[in-house]
Amino acid sequence: MRLTPLAIGLLLGASALGAQGSATSEPPRWLAGCWELRVGARVVLEQWMAPEGGVMLGMSRTSVRDTVREWEHLYLGPRAGVLTYVARPSRQAETAFGAVDVNDSAVVFENPTHDFPTRILYRRRGADSLVARIEGLRNGQLRGIDFPYRRVGCP
């Protein structure tokens with residue numbers, strides 16, 4: 001399964017967070033809004049609705065030169081009492097990742113049975129930027145990809 005940058009966009013690693021937080025069923029309010037990543041002609045826009053009833057809904061779109069290449073529907077809310085990140089990328093089945101750490105500056109989700117990624121992290125950097133990271137094993141080696149986003153006005 002391929003996730004978009006923010007959806008992939010998230011993994012930094014629980015080791016980087018240490019014992020700062022714990023898993024909770026409350027979604028991180030600071031994630032709400034629109035986030036953009038621009039690299040050359042590629043633009044990734046991820047949008048998260050503010051929490052309502054313990055749930056945040058999101059979507060992501062990746063375009064290159066005015067052509068949509070990827071899209072994703074996102075759910076962040078409780079499942080069996082655990083905050084769960086559910087990604088449904090373009091033309092693929094959904095995959096769920098359970099929260100292992102949530103605090104006021106980062107949230108980490110894991111699904112050790114998924115092929116890649118097995119971990120997704122969002123890390124807040126001030127009010128107007130965040131880094132999404134995905135991690136997992138590829139060919140027996142731990143791999144990670146960072147996606148630096150900046151806050152933008154929602155279209």
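**A disulfide, a hairpin and a salt-bridge network**

Colleague: Which residue does the disulfide join to Cys34?

Modeller: In the model, Cys34 is linked sulfur to sulfur over 2.0 Å. That fits the cut-off for a disulfide, a pair of cysteine sulfur atoms within 2.5 Å. The partner is Cys154.

Colleague: Thanks! What kind of model is this, and what is the mean pLDDT of the protein chain?

Modeller: This is a predicted model, in which local features need pLDDT of at least 70 and side-chain atom pairs count only at pLDDT 80 or more, while totals for chains, interfaces and linings use all residues. Residues are numbered from 1 along each chain as its sequence is written, and side-chain values use heavy atoms, leaving out hydrogens and water. pLDDT is the predictor's confidence in each residue, from 0 to 100. In the protein chain, 85% of the residues reach 70 or more, and the mean is 87.

Colleague: Over which residues is the pLDDT below 50?

Modeller: There is one stretch to read with that value in mind, although it has 80 contacts beyond near neighbours in sequence in the model. A contact here means heavy atoms within 4.5 Å. The stretch with pLDDT below 50 is residues 4–21.

Colleague: Back to the disulfide: how many residues apart in sequence are the parts that Cys34 and Cys154 tie together?

Modeller: The search of the whole structure finds 1 disulfide, and the link of Cys34 and Cys154 is right-handed, with 115° about the S-S bond. Helices (H or I, at least four residues) and strands (E, at least two) are DSSP runs, numbered from the N terminus. Cys34 lies in strand β1 and Cys154 in the segment after β10, so the parts they tie together are apart in sequence by 120 residues.

Colleague: Is Cys34 buried or exposed?

Modeller: Buried means under 20% relative accessible area, exposed over 50%, and partly exposed in between (1.4 Å probe, protein chains only). Cys154, at 42%, counts as partly exposed. Cys34 has a relative accessible area of 1%, so it counts as buried.

Colleague: Which residue in β10 stands opposite Trp35?

Modeller: Two strands pair if DSSP finds at least two bridges between them. Strand β1 (residues 33–39) runs antiparallel to β10 (residues 141–152), joined by 3 bridges. Opposite Trp35 in β10 stands Arg151.

Colleague: And which residue forms a salt bridge with Arg151?

Modeller: A salt bridge is a side-chain nitrogen of Lys or Arg within 4 Å of a carboxyl oxygen of Asp or Glu. For Arg151, which is partly exposed at 30%, the closest N and O atoms of the pair are 3.7 Å apart. The partner is 23 residues away, in the loop between β8 and β9. That residue is Asp128.

Colleague: How many bridges pair β9 with β10?

Modeller: Strand β9 (residues 129–138) runs antiparallel to β10. Within this pairing, Leu130 has Tyr149 of β10 as its bridge partner. The count of bridges between β9 and β10 is 10.

Colleague: Which residue takes a positive phi in that hairpin?

Modeller: The hairpin has 2 residues between the strands. The residue in question has a relative accessible area of 82%, which counts as exposed. Its phi is near 55°, a positive value in a residue other than glycine. It is Asn139.

Colleague: Which residues join Arg133 in one salt-bridge network?

Modeller: Arg133 is buried at 18% and forms a salt bridge with Glu135, with N and O atoms 2.7 Å apart. Arg133 in β9 also meets Asp146 in a salt bridge (2.9 Å, N to O), and this pair links strand β9 to strand β10, 13 residues apart. Through shared partners, Arg133 is joined in one network with Glu110, Arg119, Glu135 and Asp146.

Colleague: How many residues are in the largest nonpolar core?

Modeller: A nonpolar core is a set of buried Ala, Val, Leu, Ile, Met, Phe, Trp, Tyr and Cys residues joined through side-chain atoms within 4.5 Å. Those with the most contacts inside the largest one include Leu76, Trp48, Phe109 and Tyr149. Beyond its neighbours within four places in sequence, Leu76 touches Pro27, Leu31, Trp48, Tyr85 and Phe109, among others. The residue count of this largest core is 26.

Colleague: Last one: which residue does a cis peptide bond join to Phe116?

Modeller: The bond has an omega of about -5°. The residue joined to Phe116 lies in the loop between β7 (106–110) and β8 (119–124). It is Pro117.
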